[in-house]
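Student: I am new to this structure and would like a close look at one part of it. Could you take me through the packing inside, and show me how the pieces around it fit in?

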Amino acid sequence: EIELQAALYGACSVYVQPSLAEGFGLPVIEALQCGAPVVASKIPALLEIGGPNAVFANPDAEALAEAVKIVLLWSTSTRKNAIAAGKKWANNFSWSKTATETAAVYQKVLHQP
C-alpha cells in the first residue's frame, strides 16, 4: 500500500490540498516526500506543514485553480528545484521524531508540581 501511495503522489503534476480546516496535514508531507509539488489552502496547519515548499492560496476554487496553474507553468528547472527542496523539507517530519517529542512533553507534564 505504501509503494502504491508513493507511486501515485510521485506521478502527480501537482498535489492539491483544498481545506478549510486541518489537524496536521499529513498528505502534504507525504506528497512532498514523494516528489509532488503541493498547492494547499492558506490555513495555519498547512502553512506550518508546507513551510516554504508549498504554494499557498486562499481556500476557494478560483484562488486554488490559479495556484495550480502557476505550478503547472513552472519551468523544468524551477520544478526540479522545488521538488528537491520539498523532499528535503519533508525529512524534518518523521514518526520517530514525533514519538520522541511527544514522550518529552509527557515527561515534562508528569514532573510538574
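Tutor: Here is a walk through the inside of this chain, starting with the overall layout and then moving from residue to residue. Please keep in mind that the model is a predicted one.

Let's begin with the whole chain. Its secondary structure comes to six helices and three strands, and from the N terminus on the elements run α-β-α-β-α-β-α-α-α. Along its principal axes, the C-alpha trace spans about 55 × 30 × 25 Å. The protein chain has 113 residues, of which 29% count as buried. If you take the contacts with a separation of 6 or more, 51% of them come from residues 24 or more positions apart.

Now to the part you asked about. In soluble globular proteins, nonpolar side chains tend to be buried together. Here the largest nonpolar core has 14 residues, and those that touch the most other members are Tyr15, Val28, Ala31, Leu32, Val38 and Leu46. Three elements give two or more residues to this core: helix H2 (26–33), strand S2 (38–41) and H3. Of the elements, H2 gives the most, with four residues.

A good residue to stand on is Val28, which is found in helix H2. Is Val28 buried or exposed? Its relative accessibility is 0%, so Val28 counts as buried. Once we set aside residues up to four places away in sequence, Val28 touches Tyr15, Gln17, Val38, Leu46, Ile49 and Gly50. Take Gly50 from that list: Val28 and Gly50 are 22 residues apart in sequence, while their C-alpha atoms are 6.6 Å apart in space.

Tyr15, another of the residues that touch the most other core members, leads us to the aromatic rings. There are three aromatic pairs in the count. One of them joins Tyr9 and Tyr15 edge-to-face, with 5.5 Å from centre to centre and 75° between the planes. Both Tyr9 and Tyr15 are buried. Elsewhere, Phe24, Trp89 and Phe93 form one aromatic cluster.

Trp89 is also a partner of Asn53, a residue worth a short stop. Asn53 sits in the loop between helix H3 (44–50) and strand S3 (55–57). With a relative accessibility of 18%, Asn53 counts as buried, because the cut-off for buried is under 20%. Leaving aside neighbours within four places in sequence, Asn53 is in contact with Leu32, Ala85, Gly86 and Trp89. Leu32 in that list is one of the core residues we met above.

Just along the chain, Val55 lies in strand S3. Apart from its neighbours within four places in sequence, Val55 is in contact with Val38, Val39, Ala40, Ala67, Val71 and Trp74. Leu32 is 23 residues from Val55 along the chain, and their C-alpha atoms are separated by 12 Å.

Two of the partners of Val55, Ala67 and Val71, bring us to helix H4. This helix covers residues 61–72, and its twelve residues reach 16 Å from the first C-alpha to the last, close to the 16 Å expected at 1.5 Å a residue. Which residues of H4 are buried? They are Leu64, Ala67, Val68 and Val71. These residues cover an arc of only 100° around the axis, which puts them on the same side of H4. As background, an α-helix has 3.6 residues a turn, so residues three or four places apart point the same way. The cover over the buried residues of H4 includes strand S1 (15–17), S2, S3 and helix H5 (76–90).

Finally, a look at the cysteines. A disulfide is a covalent bond between the sulfur atoms of two cysteines. How many disulfides does the structure hold? The number is zero. Cys12 is in no disulfide, and the nearest cysteine sulfur, that of Cys34, is 9.0 Å away. The cut-off for a disulfide is sulfur atoms within 2.5 Å, so at 9.0 Å Cys34 is in no disulfide either. Cys12 is partly exposed, with a relative accessible area of 23%, and for Cys34 the relative accessible area is 23%, which makes it partly exposed.

Key. Residues numbered from 1 in each chain as written. Predicted model: local features only at pLDDT ≥ 70, side-chain atom pairs only at ≥ 80, totals over all residues. Heavy atoms only, no water. Buried < 20%, exposed > 50% of the residue type's maximum accessible area, 1.4 Å probe, protein only. Contact = heavy atoms within 4.5 Å. Core = buried A, V, L, I, M, F, W, Y, C linked by side-chain atoms within 4.5 Å. Expected span 1.5 Å × (residues − 1). Arc of directions from axis to C-beta. Phe/Tyr/Trp six-rings, centres within 6.5 Å; stacked < 30°, edge-to-face > 60°.
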